[in-house]
Structures are given as C-alpha cells and as structure tokens.
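Trainee: Could we go through this model together, one feature at a time? I would like to see the reasoning behind each answer.

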Amino acid sequence: MSFYTLAISTCNPLFQTFNNRFCPIKTYHSLQPCNKSSYNNGGLSFSSNPCFNISSNKSANKRSSSCDFKLRSSSSSSAAADVPESINGTTDANERVRILQLGSMFAIWYLLNIYFNIFNKQVLKVYPFPATVTAFQSGCGTLLIILMWALNLHPLPKINTSQFRAIFLLAIGHTAGNLLTNISLGKVAVSFTHTIKAMEPFFTVLLSLLFFAERPTLWVVSSLVPIVAGVALASFFEVSFNWIGFGSAMASNMTNQTRNVFSKKIMVKKERLDNINLFSIITVISFLLLAPTAVILEGVKFSPSYLQSAASQGLDVKELCVRALFSGFCFHTYQQVSYMILQMVSPVTHAVGNSVKRVVVIVSSVIFFKTPVSPINSLGTALALAGVFLYSRAKRIKPKDA
C-alpha cells in the first residue's frame, strides 16, 4: 500500500476555496521523499504513510499557499470500498423494514375491510336503515378523530377558506358514495355489490373525458372491455339481483369517481394537507351532513324508545349495538389505513392493492355468508376483476409524445 502527497501551488483566482478550478503551473516538479504521519491544511487533516512530495522548482505567488493532496494508489482501493458497502447494507436493511411495514399495513387494510363488510351486512339485515347506519359509522369515525387530535397523536390541521371549500366538495361526494354503497349492501349480496363497484375505472375514464377532455390511451380503453363485460355477465346471473341494489352501487361508483376526478383539479397545491388530516376533515364533515339527512329520510331510528320497541319485536338490541360499533370502528380504520398506504406508495400501486382487496372481500363474503354463486356468475366476477387489474397496469404506460 502506497500513498502520495501532492504539493501544488495555487493561483488566484482560479484555485480558491476548493472550487475545482485548478490553475496550470508552468514549472517542472521533482519528487522528494518525506516521512510524516499527518498533514493539516485549513482544517483538513490527512493521514499519511511514507510518501513523496512533488515540489515546484519555482516559488509561487507570495499570497498563494501550498496545499497537499493525498492520492491513494489503486492497491489501497479496497479500504475505500468499505464505506459504500456499509451504506448499501444500511439501505437494504431500511428497504426490508419498509417492505415489511407496507406488507403489514396492506394485511390490516384487507382484514379490516373484510370485518367491516361482514358486520355491516349483519346490521343492515336486521336494521334496514342505511342512512342511519352510515351516519352512525361516520359518528364513530368522528369520535376517533377527536381523540386522535386531543391526545396529540397527529397534529391539528390548519386550513384556509379556499382549502375548506375544496374539501367540502370532496366530502359531499364521499358522503353520497358511502350512503349509496350501504343502500346497495342492504339490498343485495356483498359479493355482488363489490362486483358492481369494479366498474369504478369506467366512470373515471368517462368523467375525465367529458369534463376535462382527457383522452384515454388504447391500453386503458382495452382494459375497460373485460370490466364492463364481466359486470354485465355477473348481473344477468346474480341470484340476489335487485334494481335498487344495482342502481345504488352504480350511483356510488359515479359519486366516488366524481370526487376522485375533481379532487385532482380543485385541491390547493400550496400548504397541502397530509392524507390523514384530509381524510379526518372529510369524515367530520360527512357526519355533520349525514346526521340531519338520516333524520329527514328515515326519522329518528336510533333513539332508546325505538330500540326498546324493536326489542319487543324480537330484535337483539345489545347484539345490534355491538356489531354496529364494530362496523363503525372498522369502517373508519380501514379507510384511515388506506390513506396512510396512499401516502407511502404511488396511486397506481394503491389501485392495484385496491383491486386485490376487492377480490379478498368478495371471496371472504361468499364463504362467510354461504352465498350461492353459479359458474357463469363466478366467471363474470373474475373477468371484471381481471379488467380492473389490467386497467391499473395500463395506467402505468405513458402515451408517446406526438
């Protein structure tokens, strides 16, 4: 292992403050042996082994100072390689931790979604008031959000008037979408509702084209064909088919995708909220909208007097309240986790995860509720879900510039 120390004279202004501007020194140099253990120049210390000094045969400008640079020979490059290896090792470890964390969050997202759909369906079977149930679920979420802010688990949001106006519009779409979904779940099987909701990409493309003249690529349009065909096939052979359930699920697709499409255009870019606070504000507004809506549409159906009357007719009120609380908790937390995942991954990756989630929910609900499914119905559902997956992949393909 050998080291060299290079002494070169600097010239002003070409060699100042180590800005990589070296001046040519039109002199001859000679090598002189030296033995020094360290060198310090301007606060920069260099260790040194026996080396050679390259000294100029002419004196430099009086204002110039000599500066020694150590040039490490190729035989000692292995020592420098240790640093990148340690950095790469740390990066790999951090990446493994991130993948593990992300995988755990996806698993929690799916599990909470499964439990929500099961508890929600059980509640709606014996308590057919979807507006009241949706308001109750948003109320549970609002309580959890207030606790989160009160305990400083997440910082309070700071929003201005323009931001609130934009968020309020998103909250209207969010509220309508959740209410219509619960209406559908109360009328048809969980698996059928989620099969219909696989049509969401179709409405995204349609609304983007109508309102913003965003032309989809050929790959995107091609992916919509199996989605539409699959939903149509599943609908024709669905045992629990109901026009109210079918129409409300389709309407929820429209409202949810209207919210998503317009959110890209109206959200304020400056002072942007993080996803958790954005979802929290939307949830609180949604509860404030749903509470009076439920009373107007269905009356007061969660009062002690009504529940006592229902209990006299055979309704297990305690069991109803427990399942309603579980559904409200799962409803809020699965959406919260979804927004947290969206903050960690790209929208396309999140869309792929959402399509997989829909498969998991459909399969689990069919098994739990023992829903009768014909082979053609299964084929239609599989075709629609495959189209959703292809759509998420097609969105990755960037169109070529004309």
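Trainee: Is Ala189 buried or exposed?
Mentor: In this predicted model, Ala189 sits in the loop between α3 and α4 (190-196). Its relative accessible area is 10%, and the cut-off for burial is under 20%, so Ala189 counts as buried.

Trainee: Which residues does Ala189 contact, leaving aside its neighbours within four places in sequence?
Mentor: One sign of what surrounds this loop residue is that the C-alpha atoms of Ala189 and Pro372 are separated by 9.7 Å, although their positions lie 183 residues apart along the chain. With neighbours within four places in sequence left aside, the residues in contact with Ala189 are Glu238, Ser240 and Thr371.

Trainee: How are the rings of Tyr127 and Phe302 arranged?
Mentor: A pair of aromatic rings is described by the distance of the centres and the angle of the planes. For Tyr127 and Phe302 the centres are 6.0 Å apart and the planes stand at 85 degrees. Because planes over 60 degrees apart fall in that class, the pair is edge-to-face.

Trainee: How many residues apart are Tyr127 and Phe302, the two members of that pair?
Mentor: Tyr127 belongs to the loop between α1 (77-126) and α2 (130-150), whereas Phe302 belongs to the loop between α8 (275-298) and α9 (304-312). The pair therefore links distant parts of the chain, and the separation of Tyr127 and Phe302 is 175 residues.

Trainee: Which residues are linked with Tyr127 and Phe302 into a cluster by ring pairs?
Mentor: Tyr127 is buried at 2% relative accessibility, while Phe302, at 31%, is partly exposed. The whole structure holds 20 aromatic pairs, and ring pairs join Tyr127 and Phe302 into a cluster with Phe129, Phe136 and Tyr306.

Trainee: Is the crossing of α2 and α3 right-handed or left-handed?
Mentor: The axes of α2 and helix α3 (residues 161-187) come within 9 Å and cross at roughly 130 degrees, which makes α2 oblique to α3. The meeting residues are Pro130, Ala131, Val133, Thr134 and Gln137 in α2 with Asn178, Leu179, Asn182 and Ile183 in α3, and they divide into five nonpolar, four polar and no charged. As for its hand, the crossing of α2 with α3 is right-handed.

Trainee: How do the residues in the contact of α5 with α6 divide into nonpolar, polar and charged?
Mentor: Helix α5 (residues 200-212) and helix α6 (residues 218-236) pack at an angle of about 140 degrees with their axes 9 Å apart, and they are therefore oblique to each other, in a left-handed crossing. Here Pro201, Phe202 and Val205 of α5 meet Val220, Leu224, Ile227 and Val228 of α6. The division in this contact is no charged, no polar and seven nonpolar.

Trainee: Which residues does Ser327 touch, not counting those up to four places away in sequence?
Mentor: Ser327 lies in helix α10 (residues 317-344) and, at 1% relative accessibility, counts as buried. The C-alpha atoms of Ser327 and Val133 are 9.3 Å apart, with 194 residues separating the two along the chain. Not counting residues up to four places away, Ser327 touches Phe116, Phe119, Asn120 and Gln137.

Trainee: What share of the contacts between residues at least 6 apart in sequence joins residues at least 24 apart?
Mentor: The protein has twelve helices and six strands, and buried residues make up 43% of its 402 residues. Among the contacts in question, the share that joins residues at least 24 apart is 83%.

How values were computed:
Residues are numbered from 1 along each chain as its sequence is written. This is a predicted model: local features need pLDDT of at least 70, side-chain atom pairs count only at pLDDT 80 or more; totals for chains, interfaces and linings use all residues. Side-chain values use heavy atoms; hydrogens and water are left out. Rings of Phe, Tyr and Trp (its six-membered ring) pair if their centres lie within 6.5 Å; planes under 30 degrees apart count as stacked, over 60 as edge-to-face and the rest as tilted. Helices (H or I, at least four residues) and strands (E, at least two) are DSSP runs, numbered from the N terminus. Buried means under 20% relative accessible area, exposed over 50%, partly exposed in between (1.4 Å probe, protein chains only). Axes are lines fitted to C-alpha atoms, for helices over the stretch in contact, and angles run from 0 to 180 degrees between N-to-C directions. Angles under 35 degrees count as roughly parallel, over 145 as roughly antiparallel, 65 to 115 as roughly perpendicular and the rest as oblique. A crossing is left-handed if the near helix is turned anticlockwise from the far one by less than a right angle, and right-handed if clockwise. Contact means heavy atoms within 4.5 Å. Ala, Val, Leu, Ile, Met, Phe, Trp, Tyr, Cys and Pro count as nonpolar, Asp, Glu, Lys and Arg as charged, and the others, Gly among them, as polar.
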